[in-house]
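Student: Hey, can you walk me through this one? I'm new to it.

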Amino acid sequence: MAAVVLVTGGTGLVGKAIEYVIEHEPEGSRFGKRPGEKWIFAGSREADLRNPEETLKLFEKYQPTHVIHLAALVGGLFANRERKMTFLRDNMLINDNVLHAAHIKETKKVISCLSTCVFPDKVEYPLTEEKVHLGPPHSSNFGYAHAKRMVDVQNHAYKEEFGCNFTSAIPTNVFGPHDNFDLKHAHVMPALIHKCYLSQKKNTPFKVMGDGSPLRQFIYSRDLAKLFIWQMREYESVEPVILSVDENDEISIRDLANSIVKVMNHPDKPEFENEINDNGQDRKPASNAKLMSLIGDFKFTPFEQALEETVTWFLQNYANART
Ligand code: NDP
């Protein structure tokens, strides 16, 4: 029987990237569509996954054999800090409903999406897959982080009690077309792209919160999409896999802001507001050693090319993008 793949969160940044890759890679290739395979990209309009009945109905409608579970309440540092309980509860409900429905409907495989935010605040770097539960997460996003950690707990429990083939992926910061560019609630990269655009348009300074020193690993959504497709087809363990660029490819917020200025042809330099307590975590490098040892040959898109494609999409879609 050919696979029916349900992508929850299929209308978001990562979901749209998986749809793009499935449509654009040659059919039958490693990341392209396989003959007879059906892909469904579901957003919240189709089913509110916080609701158990709606979730079960979605599974009954499509009868997925495989699920890539991306749906989540997602936000940047400030949204996470302000709405800890909402991030905790919405994400716990979504994850519990999806995994329960997949169990009831005997779905062959589920890959759920965690995040490097789930890792302990105080931990020895680089982050590796077995360190997820070694201490409390950073206080700024502890609601979101605890909800996501529980997915790994659930995956193990479902496997041990019912033999389910449920696993998880841990991406670092994602960026790309279809991101959320909302100035208050977006992640750092889309927020900076939007700020830079407005500063250029209004001829005002491009101000960047914090001192620009924190380091982050960014993965292009279309690269991440390929890694999810690989994990769905070729990875069989319950243990999570970090989906990331190399840990030596960390980039500072300062360099990121400078790259955005360059790609957007902004005439001025960014201005850093030097409030250290606006920085978030200093750095949290994650190792992609496990991924690279398993996937073999994989080429990440060069950072500047990925940034250019993202900025081009943002400029072309400004009217309809999440701003
Ligand atoms: P987006 O915010 O772009 O998309 C979120 C998706 O989830 C949308 O399709 C949205 O549907 C759906 N969704 C939200 N709430 C519900 C709900 N109650 N019921 C059904 N669907 C819902 O997120 P991303 O694509 O950035 O994130 C995808 C996954 O990757 C998430 O699990 C996130 O935690 C994880 N992740 C993201 C990172 C990042 O930097 N963006 C970093 C690490 C992990 P709709 O739009 O139709 O409302």
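Tutor: Sure, we'll go through cysteines, rings, a pocket and some backbone oddities.
Tutor: This is a predicted model, where local features need pLDDT of at least 70, side-chain atom pairs count only at pLDDT 80 or more, and totals for chains, interfaces and linings use all residues. Residues are numbered from 1 along each chain as its sequence is written, and side-chain values use heavy atoms, with hydrogens and water left out.

Student: OK, how many disulfides does the count come to?
Tutor: Zero disulfides, taking a disulfide as a pair of cysteine sulfur atoms within 2.5 Å.

Student: Why is there no bond for Cys113?
Tutor: Because the closest cysteine sulfur, in Cys117, is 11 Å from the sulfur of Cys113, which is too far for a bond.

Student: And is Cys113 buried or exposed?
Tutor: Cys113 is buried, at 12% relative accessibility. Buried means under 20% relative accessible area, exposed means over 50%, and partly exposed is in between, using a 1.4 Å probe and protein chains only. Cys196 is buried too, at 0%.

Student: Switching to rings. How many aromatic pairs are there?
Tutor: There are 15 aromatic pairs. Rings of Phe, Tyr and Trp (its six-membered ring) pair if their centres lie within 6.5 Å; planes under 30 degrees apart count as stacked, over 60 as edge-to-face and the rest as tilted. Trp39 and Phe41 make a stacked pair, 6.1 Å centre to centre with 15 degrees between the planes, and both residues are buried.

Student: Which residues form an aromatic cluster?
Tutor: Phe181, Tyr197, Trp313, Phe314 and Tyr318 form one.

Student: What lies over the face of Tyr20?
Tutor: That's Arg222, at 3.5 Å from the ring centre. Likewise, the charged end of Arg254 sits over the ring of Phe272, 4.1 Å from its centre. The rule here is NZ of Lys or CZ of Arg within 6 Å of the ring centre and within 35 degrees of the ring normal.

Student: Now the backbone. Which residues does a cis peptide bond join?
Tutor: Tyr125 and Pro126, with omega about 5 degrees. Pro126 is in the loop between strand 4 (109–113) and helix 5 (142–162). Helices (H or I, at least four residues) and strands (E, at least two) are DSSP runs, numbered from the N terminus.

Student: What about phi of Asn203?
Tutor: Phi there is near 60 degrees, a positive value in a residue other than glycine. Most residues other than glycine have a negative phi. Asn203 is in the loop between helix 6 (188–202) and strand 7 (207–208), and is exposed, with a relative accessible area of 68%.
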